[in-house]
Amino acid sequence: MSYAYVPPSGATSDQSTWQHRKPNTGSQSSVADKINSIISGKDNNGLPMYKDKPYNYSPTAKKPAFYRQRRLMLGLFTLLLWILYWTGAFSKHEEHLDHPNKPWWAESKATRSSRDTAQLWSERRDKVKDAYRISWKAYEEHAWGRIV
Amino acid sequence: MVPNGMGWIIIDALDTMMLMNLTTELSHARDWVATNLTFEQDHDVNTFETTIRMLGGLLSAHYLSTEFPNLAPLPAADVPAGEDLYLEKATDLADRLLGAYESSSGVPFASINLKTTKGIPSHDDGGASSTAEATSLQLEMKYLAKLTGETHYWEAAEKVMQVVDDNGARDGLLPIFIYADQGNFRGEQIRLGSRGDSYYGTFSSPKMSPTTSNPHT
């Protein structure tokens, strides 16, 4: 088996290019040298082994500012959401009836004046009735009259 | 277990369903009372619990359905003319409960058999009844006396208070157990909590105080 690369016919003119892409072809004797150089670590031209990676190599070095900025922005956004939630910005206006001391932005004067106490109590009554209906339905189905 | 069930929860919830205006649920419950509820059962019940829950539940259902007919109104077709379902059941039950008061002192026994209407001394506490239980039967028995005009319901409940008073409460405080047969207290333990509490609550209403003795005055 010939290990020598046979250039296509008429490749003679390309010989220089081919030689350039395969620089080591002509130095078979250097294989042992290369192994020696890797073991001894004296070859400064070869790629570094994994354990030779420098400690100060930073994967974020190429885009540090953007990455850190995004984390910071996400954190700030989450904090803002939490503050809004804590101050009750997401809850319905009716829920504020019992808490008159709240931030100015939580409720406008218009919504405050349109608040209907009777309506609120009616809604609460309905919720109690709903809970009762659910329990009563289960009792009717599974224990009707039989509980001593 | 009671063969035919007692429907404690159904009776308990009648007034609740009226107040909540739950017509469908109330209609179902009323049907059960009309067709299934019977006190003719060989079953021992606690005198006090049966009075406040069963008798009280029926009486409150009677009160609400007659005084506030707009609450969970039933179709007229469902209610036979002249039928007073809740009051009739209440009277039947109270007649059985009266058996508990047939002790030598008039203080009711702790329990009763619904079928035989015979009073049963407590299985614990030396057979003594709870003072709170024996003295907290006023409201139901006296209201039934008012509704039916039958004074013996009133007198049975009132007699208990007289026996208790005759024992002489020191500083208005009573021991928590009282013997049904002799009408005397058992022990000297006093509680404002269990077995004592509702005796004192009885006096929060002037109409229920022991000095009011006759329904017709």
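Colleague: What sign does the phi of B:G149 have, just after α6(B)?

Modeller: B:G149 takes a positive phi, of about 75°. A positive phi, of about 60°, is also found at B:N21, just after α1(B). This is a predicted model, in which local features need pLDDT of at least 70 and side-chain atom pairs count only at pLDDT 80 or more, while totals for chains, interfaces and linings use all residues. Residues are numbered from 1 along each chain as its sequence is written, and chains are lettered from A and ligands numbered from 1 in the order in which they are written.

Colleague: What makes a stretch of chain B a helix or a strand, and how many of each are there?

Modeller: Both are DSSP runs numbered from the N terminus, a helix being H or I over at least four residues and a strand E over at least two. By that rule chain B has eight helices and six strands. Their order along the sequence is α-α-β-α-α-β-β-β-α-α-α-β-β-α.

Colleague: Which residues of α6(B) are called buried, and by what criterion?

Modeller: A residue is buried if 20 or more other C-beta atoms, placed from the backbone, lie within 10 Å of its own, exposed if 12 or fewer do, and partly exposed in between. In α6(B), B:Q138, B:E140, B:M141, B:K142, B:Y143, B:L144 and B:A145 meet the buried criterion. They pack against α3, α4 (85-97) and α7 of chain B. Over the whole of chain B, 41% of the 217 residues count as buried.

Colleague: Why is α6(B) described as roughly antiparallel to α7(B)?

Modeller: The axes of helix α6 (residues 138-148) of chain B and helix α7 (residues 151-166) of chain B lie 7 Å apart, and the packing angle is about 155°. Because angles under 35 degrees count as roughly parallel, over 145 as roughly antiparallel, 65 to 115 as roughly perpendicular and the rest as oblique, α6(B) is roughly antiparallel to α7(B). The axes are lines fitted to C-alpha atoms, for helices over the stretch in contact, and the angles run from 0 to 180 degrees between N-to-C directions.

Colleague: In which hand does α6(B) pass α7(B), and which residues make the contact?

Modeller: The crossing is left-handed, a term used when the near helix is turned anticlockwise from the far one by less than a right angle, whereas clockwise would be right-handed. B:Q138, B:M141, B:K142, B:L144 and B:A145 of α6(B) touch B:T151, B:Y153, B:W154, B:A156 and B:A157 of α7(B). Contact is assigned when C-beta atoms, placed from the backbone, lie within 7 Å. Seven of these residues are nonpolar, two polar and one charged; Ala, Val, Leu, Ile, Met, Phe, Trp, Tyr, Cys and Pro count as nonpolar, Asp, Glu, Lys and Arg as charged, and the others, Gly among them, as polar.

Colleague: Why are α4(B) and α6(B) called oblique?

Modeller: Their packing angle is about 125°, with the axes 11 Å apart. This angle falls in none of the other classes, and the pair is therefore oblique. The crossing is left-handed. B:L87, B:A90, B:T91 and B:A94 in α4(B) meet B:M141, B:L144, B:L147 and B:T148 in α6(B). The contact has six nonpolar, two polar and no charged residues.

Colleague: Which residues of α1(B) are buried, and what covers them?

Modeller: B:I10, B:I11, B:A13, B:L14, B:D15, B:M17 and B:M18 are buried, and their cover includes α2 and α3 (47-67) of chain B. The axes of α1(B) and α2(B) come within 10 Å and cross at roughly 145°.

Colleague: How many residues does each chain give to the contact between the chains?

Modeller: Chain B gives 14 residues and chain A nine. On chain B, the elements contributing two or more residues are α1 (8-19) and α2 (23-35). That side of chain B has nine nonpolar, four polar and one charged residue. The predictor gives the complex an ipTM of 0.81 and a pTM of 0.66.

Colleague: How do you know what confidence the predictor places in each chain?

Modeller: The value to read is pLDDT, the predictor's confidence in each residue, from 0 to 100. Its mean is 90 in chain B, where 91% of residues reach 70 or more, and 69 in chain A, where 37% do. Residues 210-217 of chain B stay under 50, as do residues 13-19 of chain A. Where pLDDT is low, the predicted coordinates should not be read in detail.

Technical notes
Contact = placed C-beta atoms within 7 Å.
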